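Biologist: I am new to this one. Could you show it to me and let me ask how each label is earned?

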Amino acid sequence: MYLADYHTHSRVSPDGKDSMTVLAEAALEAGLQELCFTDHMEPIAWGTTDLRDRYDWSLLEPEFRAAQEALGDRIALRLGIELGDACWSFPHTEMLLESAPPLDFVIGSVHMLSERFQGVDLYFFEPETEEEAYAGIADYLGQVKKMAEWGKFDVLGHLTLPLRYLNENRGWQLSMDRFHSEIADVFAVLSRKGIGLELNTNRGGLFLPDGKWLRLYRDMTADPIVTLGTDAHSAAFVGRAIREGQELLRACGFTQFCTFRNREPVRHNLV
């Protein structure tokens, strides 16, 4: 079984804790053969909806080189980013990306609701009623579709992210079932553009997305691309539930998962 964690955050991310070297050591201890660092990069300043003047790419490469030097050839290390909320300005995002170092992998993701909800981060979204919660999910999926149509990334990250915060953090018991057509529309865009889907193991919590949506993606995509990542923000969660994620993919009819090198998918059989 080839084990790879393709969604991790180091101290380069505003909400990350550990160095890339510490994360890589944790991955090796967890039995992983490959690890990709995907620190946050957004066109907006952290915690606001204001466009940032620049992104400090210089923080990534020294961290990455230090991890490579410390771990040698004991584990394959890849450099990526989680490109969040680009729909706040696609042209500005593209301008910031022009100065990026060579990247192996880019996750596209949405964390913030639209202007209708004042750009609130899902982490801070506190609906008072179930219908308001579902209105937020609908808004989120609208932003996701915008991201997918833009499409300058490799996989779509944590599709059902609102459930992490609404169910796990706030105690709701919501599902995405009423949004079947909207999610199918997103999958149709991904398939047309050759963009993959992430199975986010959510640090061992609720898988994002779950089996229902993974099966729909598989059924709608002739050549599915799926990665697995923990969304670890500290060494303690690197590799968490990656094995279980592979088991879920097999149960959903997938025969392969992907890692990436130089923005191109590398396929691995699920055994």
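Biologist: Which residues in α4 meet which residues in α5?
Modeller: This is a predicted model, so local features are read only at pLDDT of at least 70. On the α4 side the residues are A133, I137 and Y140. On the α5 side they are P162, L163 and L166.

Biologist: How do those residues of the contact of α4 with α5 divide into nonpolar, polar and charged?
Modeller: There are 6 nonpolar residues, no polar and no charged. Ala, Ile, Tyr, Pro and Leu are among the types that count as nonpolar.

Biologist: Why is α4 called roughly antiparallel to α5?
Modeller: Their axes are 10 Å apart and the packing angle is about 160 degrees. Angles over 145 degrees count as roughly antiparallel. Therefore α4 is roughly antiparallel to α5. The crossing of this pair is right-handed.

Biologist: What makes α3 oblique to α4?
Modeller: Helix α3 covers residues 90-97 and helix α4 covers residues 130-150. Their axes come within 12 Å and cross at roughly 50 degrees. Roughly parallel needs an angle under 35 degrees, and roughly perpendicular runs from 65 to 115. The angle fits neither class, so α3 is oblique to α4.

Biologist: Which residues make that contact of α3 and α4?
Modeller: From α3 come F90, T93, E94 and L97. From α4 come K146, M147 and W150. They divide into 4 nonpolar, 1 polar and 2 charged. The crossing of α3 and α4 is right-handed.

Biologist: How many disulfides does a search of the whole structure find?
Modeller: It finds 0 disulfides. Take C252: the nearest cysteine sulfur is that of C258, 16 Å away. A disulfide needs two cysteine sulfur atoms within 2.5 Å. So C252 is in no disulfide. For C258, the nearest cysteine sulfur is that of C36, 13 Å away. By that cut-off, C258 is in no disulfide either.

Biologist: Do tell me about accessibility. Why do C252 and C258 count as buried?
Modeller: Buried means under 20% relative accessible area. C252 is at 0%, so it counts as buried. C258 is at 1%, so C258 counts as buried too.

Biologist: What makes E168 partly exposed?
Modeller: Partly exposed lies between the buried limit of 20% and the exposed limit of 50%. E168 has 40% relative accessibility, so it counts as partly exposed. This residue lies in helix α5, residues 162-169.

Biologist: With which residues is E168 in contact, leaving aside its neighbours within four places in sequence?
Modeller: With L163, N202, G205 and L206. The C-alpha atoms of E168 and L206 are separated by 8.1 Å, though the two are 38 residues apart along the chain.

Biologist: Which residues have a positive phi without being a glycine?
Modeller: D85 has a phi of about 55 degrees. R203 has a phi of about 55 degrees as well. D85 is in the loop between β3 (76-84) and α3. R203 is in the loop between β6 and α7.

Biologist: Is D85 buried or exposed, and where does R203 fall?
Modeller: D85 has a relative accessible area of 2%, under the 20% limit, so D85 is buried. R203 has 25%, above that limit but below 50%, so R203 is partly exposed.

Biologist: How do you know that the peptide bond from L208 to P209 is cis?
Modeller: Its omega is near 0 degrees. P209 lies in the loop between β6 (196-200) and α7 (211-220).

Definitions and conventions:
Residues are numbered from 1 along each chain as its sequence is written. This is a predicted model: local features need pLDDT of at least 70, side-chain atom pairs count only at pLDDT 80 or more; totals for chains, interfaces and linings use all residues. Side-chain values use heavy atoms; hydrogens and water are left out. Buried means under 20% relative accessible area, exposed over 50%, partly exposed in between (1.4 Å probe, protein chains only). Axes are lines fitted to C-alpha atoms, for helices over the stretch in contact, and angles run from 0 to 180 degrees between N-to-C directions. Helices (H or I, at least four residues) and strands (E, at least two) are DSSP runs, numbered from the N terminus. A crossing is left-handed if the near helix is turned anticlockwise from the far one by less than a right angle, and right-handed if clockwise. Contact means heavy atoms within 4.5 Å.
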